[in-house]
Amino acid sequence: LQSVDLETGAGLRELAHAQAAAEGVPARAAEVEQLAGAALGSPALREAVAGGRYWREVYVAAPTAGVVVEGFIDLLYDTPAGLVVVDYKTDSIGSEAEVAAAMARYRLQGATYALALRELAARLGRPVARCVFVFVRGADVREETVTDLEGAIAEVRSRIAAGV
């Protein structure tokens, strides 16, 4: 997804095989292709493409409370409401309990990205509108948005202040 044409999916097979080989899992190239192909149809990716302003594999780093928070955002795109952070996941999430557990694991990751972007807001001039996790398993895609992003960001700040 970092290299494929998000609008058309052109070259997906070749890119999936090359990436699987680069990651040392050439036998899983077909699975990589299927997962990426499913993700291409997700609402978040379609919205990013339709809006025309998106960036992939965005490195973010910003100082906050004497600590530098950093990470790589899989997909960042601009909407009239502000920036949207997208992170791809391949967790198996069938039941609502599995969804809740996955979001509990990833909530602060998304909030940390949003916090870093917010710290850079003076330069970006754009607020962070939301953080979305795109879960892809086989041909199935499910999107989950971090609820209470403000509360999650506050929790990240609190953990940083506590040295956690």
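Let me start with Leu 149. In this predicted model, and leaving aside neighbours within four places in sequence, Leu 149 is in contact with Ala 111, Ala 114, Val 128, Arg 130 and Cys 131.

Apart from the largest nonpolar core, there is another core of 20 residues, among them Val 4, Ala 44, Leu 75 and Val 134. The largest core itself holds 31 residues, and Leu 149 is, with Ile 73 and Val 85, one of those that touch the most other members. Which elements each supply at least two residues of this core? They are β1, β2, β3, α4 (96-119), β4 and α6 (149-162). The largest share comes from α4, with 11 residues. As a general remark, nonpolar side chains in soluble globular proteins tend to be buried together.

I turn next to the first two strands. Strand β1, residues 54-64, and strand β2, residues 67-79, run antiparallel and are joined by 10 bridges. Within this pairing, Tyr 54 stands opposite Tyr 77 in β2. The two strands form a hairpin, with 2 residues between them.

Two residues here deserve attention for their backbone angles. By way of background, most residues other than glycine have a negative phi. Ala 65, in the loop between β1 and β2, has a positive phi of about 55° although it is not a glycine. Glu 57 also has a positive phi, near 50°, but Glu 57 is found in strand β1.

Are these two residues buried, partly exposed or exposed? Ala 65 counts as exposed because its relative accessibility is 65%, and the threshold for that class is over 50%. Glu 57 has a relative accessibility of 34%, and therefore counts as partly exposed.

Finally, the largest pocket. Its volume is about 730 Å³. The elements giving two or more residues to its lining are α1 (12-22), α2 (29-40), β3 (82-89) and β4 (128-137). Which of them gives the most? That is α1, with 6 residues. In total, 25 residues line the pocket, and those nearest its centre are Leu 1, Gln 19, Val 32, Leu 35 and Ala 36. By residue class, the lining divides into 14 nonpolar, 7 charged and 4 polar residues.

To draw two parts together: β3 and β4 each supply at least two residues of the largest core, and both also give two or more residues to the lining of the largest pocket.

Methods:
Residues numbered from 1 in each chain as written. Predicted model: local features only at pLDDT ≥ 70, side-chain atom pairs only at ≥ 80, totals over all residues. Heavy atoms only, no water. 1 Å grid on protein atoms, 1.4 Å probe; cavity = no way out; pocket = protein on both sides within 12 Å on 5 of 7 lines; lining within 4 Å. Points joined across faces, edges and corners; volume = space filled by probe spheres on them. Helix = DSSP H or I, 4+ residues; strand = E, 2+ residues; numbered from the N terminus. Nonpolar A, V, L, I, M, F, W, Y, C, P; charged D, E, K, R; others polar. Pairing = 2+ DSSP bridges. Buried < 20%, exposed > 50% of the residue type's maximum accessible area, 1.4 Å probe, protein only. Core = buried A, V, L, I, M, F, W, Y, C linked by side-chain atoms within 4.5 Å. Contact = heavy atoms within 4.5 Å.
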